[in-house]
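Visitor: I should like to learn how salt bridges, helices and nonpolar cores are read from a model. May we take them in turn?

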Amino acid sequence: MHLNTWVFLTRIRIGVKGIEISIIHATKSFSEEINKPHGHTLSIEVSVEGSLKNNSYIIDLLELERIVRESVEIFDKALVIPSDHEILRTLGDAKNQYRRIIQLDKDATLENIALEIAGRIREALRDSVDKIYVRIYEGNKYFAEVEIP
């Protein structure tokens, strides 16, 4: 088989990593300690899978990085909580200390935050790639990875 034939048969993944944001979040599903607002620095890695366009690239990596940064910026320095979390009733004037408050219709777990970010990236990329992989690290030990078509 000629080398150029392999180009059309191969699925290729490329990506960006090392994008960091700081969030404060509170969950409802775990211990009382974790249910209180607490912060993390999240490191985000995104890769995309697709076919080579014009025999050369899947997507411009600078464009992918721009899209990822725009998709995660809303979460940076935000309080991320479930929309029915009791803290919303007790915050009062303290709401002003947060850059923004993001209310999710589900629990504010690492997995659901990864899903939210993946959805924003998918919306921005539309059909230009076949799959998107989003991996979010919470510190050095924990991560969530989402794959969406």
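**Salt bridges, a helix and the core**

Guide: In this predicted model, the side chains of R66 and E63 form a salt bridge, with N and O 2.6 Å apart.

Visitor: How many residues apart are R66 and E63 in helix α3?

Guide: In general, an α-helix has 3.6 residues a turn, so residues three or four places apart point the same way. Here R66 and E63 are three residues apart in helix α3, and therefore about one helical turn separates them. R66 is partly exposed because its relative accessibility is 35%; E63, at 31%, is also partly exposed.

Visitor: Which parts of the chain does the pair K131 and E147 link?

Guide: Side chains of opposite charge can pair when their charged atoms come close. The closest N and O atoms of K131 and E147 are 3.1 Å apart. This salt bridge links distant parts of the chain, with K131 in strand β5 and E147 in strand β6, 16 residues apart. Salt bridges that share partners also join E63, R66 and E70 into one network.

Visitor: What span should helix α5 have?

Guide: At 1.5 Å a residue, the 16 residues of α5 should span 22 Å, and its end C-alpha atoms are indeed 22 Å apart. Just after α5, R126 adopts a positive phi of about 50°.

Visitor: Which element gives the most to the largest nonpolar core?

Guide: That core has 34 residues, and I117, I121 and L125 are among those with the most contacts inside it. Helix α5 gives the most, with seven residues. L125 touches V48, I59, L64, I67 and I132, leaving aside residues up to four places away in sequence.

Conventions
Residues numbered from 1 in each chain as written. Predicted model: local features only at pLDDT ≥ 70, side-chain atom pairs only at ≥ 80, totals over all residues. Heavy atoms only, no water. Helix = DSSP H or I, 4+ residues; strand = E, 2+ residues; numbered from the N terminus. Expected span 1.5 Å × (residues − 1). Core = buried A, V, L, I, M, F, W, Y, C linked by side-chain atoms within 4.5 Å. Buried < 20%, exposed > 50% of the residue type's maximum accessible area, 1.4 Å probe, protein only. Contact = heavy atoms within 4.5 Å. Salt bridge = Lys/Arg side-chain N within 4 Å of Asp/Glu carboxyl O.
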